[in-house]
Amino acid sequence: MSDERDNGAERVGIDELLERVRAGYDRIGPHEAIAAAADGALLVDIRYAALRERDGLIPGALVVERNELEWRLDPQGSHRAPEAVSHDLRVVVVCNEGYASSLAVASLRQLGLRRATDLIGGFQAWRAAGLPVGA
């Protein structure tokens with residue numbers, strides 16, 4: 001048992017962690033994401049600058065580096081983005097391929113953003129679906 005636990009915490013591989021995190025909410029595809037944005041959801045692009053420069057941007061998405069996400073989207077936070085108006089805000093997190101965004105959603109949900117979700121396949125799925133991409 002000591003090899004399965006470290007200081008009382010269960011050791012979990014990243015694939016299992018992603019499975020557990022994703023089981024707690026419904027993820028959405030590219031067409032659902034653009035429809036959600038049209039209905040007032042906030043698309044949040046957490047890709048790092050080099051990927052945004054290489055591949056482009058989702059028009060209208062809020063760009064927030066992953067390491068600042070919780071600070072910028074906490075409606076009670078002193079460093080919140082103007083768009084972070086409520087815990088009821090529908091947030092769709094977008095990373096490059098849909099992995100980091102799942103972990104980001106878990107963190108946002110811990111902050112009380114219960115309607116946070118992520119884009120299956122990330123930006124690459126958005127682009128592959130032929131949805132708008134800007135410079």
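Is Leu69 buried or exposed? In this predicted model, Leu69 counts as buried because its relative accessibility is 0%, and the cut-off for buried is under 20%. Leu69 lies in helix 4, which spans residues 69–73. Setting aside neighbours up to four places away in sequence, Leu69 is in contact with Val44, Ile46, Val64, Ala104 and Leu108. Two of these partners, Ala104 and Leu108, are also among the buried residues of helix 5. Pro82 lies 13 residues from Leu69 along the chain, and the C-alpha atoms of the two are separated by 13 Å.

Helix 5 is a useful place to go next. Helix 5 covers residues 100–110, and its buried residues are Ser101, Ser102, Ala104, Val105, Ser107 and Leu108. These residues pack against helix 1, helix 4, strand 5 and strand 6. Strand 5 runs over 91–94, and strand 6 over 116–118. Gly112 follows helix 5 and has a positive phi, near 100°.

The packing of helix 5 on helix 1 can be described further. Helix 1 consists of residues 14–22, and its axis is 10 Å from that of helix 5, at an angle of about 50°. Helix 1 is therefore oblique to helix 5. The crossing of the two is left-handed. On the helix 1 side, the contact is made by Ile14, Leu17, Leu18, Val21 and Arg22. Helix 5 contributes Ser102, Leu103 and Ala106. Of the helix 5 residues in this contact, Ser102 is also listed among the buried ones.

After helix 4 the chain enters the loop that leads to strand 5, and Asp74 is found there. What is the nearest side chain of opposite charge to Asp74? That side chain is Arg80, at 8.0 Å, and Asp74 has no salt bridge although it is buried. The distance explains the missing pair, because a salt bridge needs a side-chain nitrogen of Lys or Arg within 4 Å of a carboxyl oxygen of Asp or Glu. Asp74 nevertheless touches Arg80, as well as His87 and Leu111, when residues up to four places away in sequence are not counted.

Pro75 sits in the loop between helix 4 and strand 5 too. Pro75 is buried because its relative accessible area is 15%. Apart from neighbours within four places in sequence, Pro75 is in contact with Arg80, Ala84, Val85, Ser86, His87 and Leu113. Arg80 and His87 thus appear as partners of Asp74 and also of Pro75. Leu89 is 14 residues from Pro75 in sequence, with a C-alpha to C-alpha distance of 9.3 Å.

Charged pairs come next. Side chains of opposite charge can pair when their charged atoms come close. How many salt bridges does the structure hold? There are 9. One of them joins Arg52 to Glu65, with the closest N and O atoms 3.1 Å apart. Arg52 lies in helix 3 (residues 49–55) and Glu65 in the loop between strand 4 (62–63) and helix 4, so this pair ties together parts that are 13 residues apart in sequence. Arg52 counts as buried because its relative accessibility is 15%, whereas Glu65, at 26%, counts as partly exposed.

A second pair also involves helix 3. The side chains of Arg127 and Asp55 meet in a salt bridge, at 3.4 Å from N to O. Arg127 belongs to helix 6 and Asp55 to helix 3, so the pair ties together parts that are 72 residues apart in sequence. Asp55 is buried, with a relative accessible area of 10%, while Arg127 is partly exposed at 37%.

Arg66 and Glu70 form another salt bridge, with 2.9 Å between N and O. Arg66 is partly exposed, with a relative accessible area of 28%, and Glu70 counts as buried at 19%. Elsewhere, Glu10, Glu16 and Arg20 are linked in a network of salt bridges.

Helix 6, which holds Arg127, covers residues 122–128 and also includes Ala125. Ala125 touches Pro30 and Ile120, not counting residues up to four places away in sequence. Ala37 is 88 residues from Ala125 along the chain, and their C-alpha atoms are separated by 16 Å.

Technical notes
Residues are numbered from 1 along each chain as its sequence is written. This is a predicted model: local features need pLDDT of at least 70, side-chain atom pairs count only at pLDDT 80 or more; totals for chains, interfaces and linings use all residues. Side-chain values use heavy atoms; hydrogens and water are left out. Helices (H or I, at least four residues) and strands (E, at least two) are DSSP runs, numbered from the N terminus. Buried means under 20% relative accessible area, exposed over 50%, partly exposed in between (1.4 Å probe, protein chains only). Lys and Arg count as positive and Asp and Glu as negative; His and the chain ends are not counted. Contact means heavy atoms within 4.5 Å. Axes are lines fitted to C-alpha atoms, for helices over the stretch in contact, and angles run from 0 to 180 degrees between N-to-C directions. Angles under 35 degrees count as roughly parallel, over 145 as roughly antiparallel, 65 to 115 as roughly perpendicular and the rest as oblique. A crossing is left-handed if the near helix is turned anticlockwise from the far one by less than a right angle, and right-handed if clockwise.
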